Amino acid sequence: MNQGIEKKLTIYNTLSRTKETFEPLHPPFVGMYVCGPTVYSDVHLGNCRTFISFDMIFRYLLHLGYKVRYVRNITDAGHLEGDRDEGDDKFAKRAKLEQLEPMEIVQKYTLGFHKVMALFNILPPSIEPTATGHILEQIEMIKKIIDEGLAYEVEGSIYFDVEKYSQKYDYGQLTNRKLEDLLEGTRELDGQDEKRGRLDFALWIKAKPETLMQWPSPWGWGFPGWHIECSAMSTKYLGTTFDIHGGGMDLQATHHTNEIAQSNACNHTAPAKYWMHTNMLTVNGVRMSKTAGNGFLPQELFTGDHPLLERGYSPMTVRFFMAQSHYRSTLDFSNEALQAAEKGYKKLMESLSVLEKLSPSPSSSVNITELEESCYAAMNDDFNSPVLIANLFDAVRFINSVNDKKETLSATDLERLKKLMHAFIFDVLGLRDESKNIGGNDLIEGLMNLIIDIRKSARENKEWATSDKIRDELKAVGVEIKDTKEGVEWRL
Ligand code: AMP
Ligand code: ZN
């Protein structure tokens, strides 16, 4: 574990509705499960917000020295349209629309998802299991729930019996709602319904002759319900009880509530100690979603090719924009907010270049320990990234003051400050310096060094026309070069 400053992490637990001190079940190991994407279409920026938030949480746990097994699944089967497993299979619908095999749809959108994750510098999870790869585990779990008397079969489909479950467990514990209130929010059953109770949900769904993805089971050919996949895969890779289970807030009332019920029914234990939920990205106050039609695709955001976008924004501007709000607050998308984030991100990156060039003094006039403590305090307070960013901007002010010779830093403190800034900006917030390493392999950096060298020789030989031409033509393609006391600086 990371030694030094006292590090007491608190996490807001949806289950207890309080901030709790983080005490992993088997330190230094941490098991974390996050509900991943449904890969029948492109991920939108709202989905990305949830994955970026959990990436930051994963990164901070790693930074603290925990050995994290991070499982994030891919939902590639069994996802029906209605909230409660009703309507058409989304994969089949898309397969018909695009005239592809369902597994071609899965492959296409999984690859797209990975590309977007890489653009946002999101670390890959330790395990990324798929629903279709775990049909046997899901069937075994359903069998156990039936044996416990908490699920029943109707014509080849299996339903979870919420009423019977509620005699022993609190079904509404995650949302703090009573069963009667939950029932009120559901529609009356009619003669068409197979299920016995209004809150009952499908564990296994009988296939129709035209169902594209179906598997054999003890109840005939069919496919699993959505909720059982996460219970089966989290149990397989993290055990019956693990540390953190996460996802977007929209999953709390149904998907996660049902996961808890399935685990209690099958394993006689609640699946996770801490439940974490990220809040929604909204557009003009409306939740961004696949169905609302207000979902920007990350590509559209980068190119600016969308009626609501004034121009494009880079992946790191977007990541910084997201980090500026706490993961439990809603975040509303606007061009102004993104433009402000772009400025903030650039300022932070520029300060790192200044920091690299600072010269040490015999003593320090600024307190690095205090700064370090406030950075950890922010992140330990339920991963409060906006407060962390405010602290990092205090550091930017220090750096500029030292550069302007108004403050001083000793050699040791200078090294500590560099380490601190790099750790929080790159390792924890997961930002990248986009002015460097464009196209990988530091190609642009190498080319720029070459051009700057040629310009330097031109100036030494008093070939002013050449040196001006280099500066002007670079400017025309969006690269600014500046002569400073320390040498030549450039930026995009
Ligand atoms: P889906 O592919 O729709 O199942 O969503 C994948 C993840 O994105 C889930 O954890 C959702 O809760 C989350 N999510 C969906 N919409 C939003 C949104 N507008 N803001 C933040 N997270 C979202
Ligand atoms: Zn899930």
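The legends below describe close-up views of a predicted model.

**View 1. Zinc ion (ligand 2) and its protein donors.** Three side-chain atoms are the protein donors of the zinc ion (ligand 2): SG of Cys 35, SG of Cys 230 and NE2 of His 255. They lie 2.0 to 2.2 Å from the ion. Along the sequence the donor residues follow the spacing C-x194-C-x24-H. The two cysteines link distant parts of the chain, being 195 residues apart. Cys 35 sits in the loop between strand E3 (29–34) and helix H1 (45–63), whereas Cys 230 belongs to helix H7 (residues 226–238). Cys 35 has a relative accessible area of 6% and is therefore buried, the limit being under 20%. Cys 230 is buried as well, with a relative accessible area of 0%.

**View 2. Polar atoms around ligand 1.** Nitrogen atoms of ligand 1 have polar protein atoms at short listed distances from three residues, as follows.
- Thr 50 places a polar side-chain atom 2.6 Å from a nitrogen atom of ligand 1.
- Met 288 has a polar backbone atom 2.7 Å from a nitrogen atom of the ligand.
- Leu 281 has a backbone N or O atom 2.8 Å from a nitrogen atom of the ligand.

The protein buries 94% of the 500 Å² that ligand 1 exposes when taken alone.

**View 3. The shell of residues around ligand 1.** The ligand is surrounded by 19 residues, and the closest are Thr 38, Thr 50, Asp 250, Leu 281 and Met 288. By class, the shell holds nine polar, seven nonpolar and three charged residues. Helix H1 gives the most to the shell, with four residues. At least two residues of the shell come from each of H1 and strand E9 (242–248). Domain 1 (12–278) and domain 2 (282–428) each contribute at least three residues to the shell.

**View 4. Domains of the chain.** The domain assignment gives domain 1 (12–278), domain 2 (282–428) and domain 3 (440–491). Between the C-alpha centres of domain 2 and domain 3 the distance is 28 Å.

**View 5. Tyr 171 and Asn 258.** Tyr 171 is placed in the loop between helix H5 (162–166) and helix H6 (179–184). Its relative accessible area is 4%, so Tyr 171 counts as buried. The side chains of Tyr 171 and Asn 258 make a polar contact of 2.5 Å. These two residues are 87 residues apart along the chain, and their C-alpha atoms are separated by 8.1 Å.

**View 6. Asn 264 and Tyr 165.** Asn 264 is part of helix H8 (residues 252–267). With a relative accessible area of 7%, Asn 264 is buried. The side chain of Asn 264 is joined to that of Tyr 165 by a polar contact of 2.9 Å.

**View 7. Gly 222 in strand E8.** Strand E8 (residues 222–224) contains Gly 222. The relative accessibility of Gly 222 is 0%, so this residue counts as buried. Glu 153 is 69 residues from Gly 222 along the chain, and the C-alpha atoms of the two are separated by 13 Å.

Key: Residues numbered from 1 in each chain as written. Chains lettered and ligands numbered in written order. Predicted model: local features only at pLDDT ≥ 70, side-chain atom pairs only at ≥ 80, totals over all residues. Heavy atoms only, no water. Donors = N, O, S within 2.8 Å, 3.2 Å for Na, K, Ca; no water. Buried < 20%, exposed > 50% of the residue type's maximum accessible area, 1.4 Å probe, protein only. Near = heavy atom within 4 Å. Polar contact = N/O pair within 3.5 Å; in protein donor to acceptor, adjacent residues only side chain to side chain. Areas by Shrake-Rupley, 256 points an atom, 1.4 Å probe, with all protein chains shown as cover. Nonpolar A, V, L, I, M, F, W, Y, C, P; charged D, E, K, R; others polar. Domains from an automatic or database assignment.
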